[in-house]
Amino acid sequence: MGEEGEKAERGKLPVNEQGNLMTATSDENLKDIFHSIRMEETPAVINYGASWCRVCNQILPSFQELSKKFPKLSFVYADIDECPETTQNIRYTPTFHFYRDGERVDEMFGGGEERFHDRLWLHS
């Protein structure tokens with residue numbers, strides 16, 4: 001496995017060239033990201049996962065690659081163990097929330113790269 005895959009497995013995503021990929025590192029950081037999404041009304045997808053979740057670790061490299069294909073979307077990864085307060089209502093990992101015009105407009109549970117790609121296309 002390459003270095004990028006190892007970084008993704010640890011739940012930390014490297015910043016990409018477009019600057020539209022970020023990792024929430026704490027509850028406070030995730031709250032700031034929510035505020036930015038609401039105020040800037042930037043289309044966004046938040047991937048709620050966990051370092052111990054096999055499916056989450058499998059989809060992280062795809063999440064990173066798809067951020068390059070959809071540069072107008074903001075991609076955020078939030079580990080539920082690092083952001084326990086703001087993710088307390090997340091019941092399944094991975095869970096994806098899609099935002100448009102500052103409001104959550106869609107939700108997807110589980111993996112599936114093709115299904116995820118289709119949702120991104122729909123919301124971009």
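1. Let's start with the outside. The accessible surface of the protein chain is about 6900 Å², and carbon and sulfur atoms account for 47% of that. Keep in mind as you read on that this is a predicted model.

2. Now the inside. Of the 124 residues in the protein chain, 44% are buried. The contacts are worth a look too: among those with a separation of 6 or more, 67% join residues 24 or more positions apart.

3. How many helices and strands should you be looking for? The protein chain has four helices and five strands. Try tracing them from the N terminus: the order is α-β-α-β-α-β-β-β-α.

4. Next, the cysteines. A disulfide is a covalent bond between the sulfur atoms of two cysteines. Here the count of disulfides is zero. Are C53 and C83 buried or exposed? C53 has a relative accessibility of 7%, so it counts as buried, because the cut-off for that label is under 20%. C83 is buried as well, with a relative accessible area of 0%.

5. On to the charged side chains, where the count is four salt bridges. One of them joins E65 and K68, with 3.2 Å from N to O. Where do these two residues sit? Both are in helix α3, which covers residues 54-69, and they are three residues apart, about one turn of the helix. E65 is partly exposed at 35% relative accessibility, and K68 is partly exposed, also at 35%.

6. Another salt bridge pairs R104 with E107, and their closest N and O atoms are 3.9 Å apart. The cut-off is within 4 Å, so this pair counts. As for exposure, R104 is partly exposed with a relative accessible area of 46%, while E107 is partly exposed with 30%.

7. I'd finish with R119 and D106, which form a salt bridge with their closest N and O atoms 3.4 Å apart. What does this pair tie together? R119 belongs to helix α4 (residues 113-123) and D106 to strand β5 (residues 103-109), so the salt bridge ties together parts that are 13 residues apart in sequence. R119 itself is partly exposed, with a relative accessible area of 22%. That label follows because buried means under 20% and exposed means over 50%, with partly exposed in between.

Note on methods
Residues are numbered from 1 along each chain as its sequence is written. This is a predicted model: local features need pLDDT of at least 70, side-chain atom pairs count only at pLDDT 80 or more; totals for chains, interfaces and linings use all residues. Side-chain values use heavy atoms; hydrogens and water are left out. Helices (H or I, at least four residues) and strands (E, at least two) are DSSP runs, numbered from the N terminus. Buried means under 20% relative accessible area, exposed over 50%, partly exposed in between (1.4 Å probe, protein chains only). Contact means heavy atoms within 4.5 Å. Accessible areas come from the Shrake-Rupley method with a 1.4 Å probe; for residues, only the protein chains shown count as cover. A disulfide is a pair of cysteine sulfur atoms within 2.5 Å.
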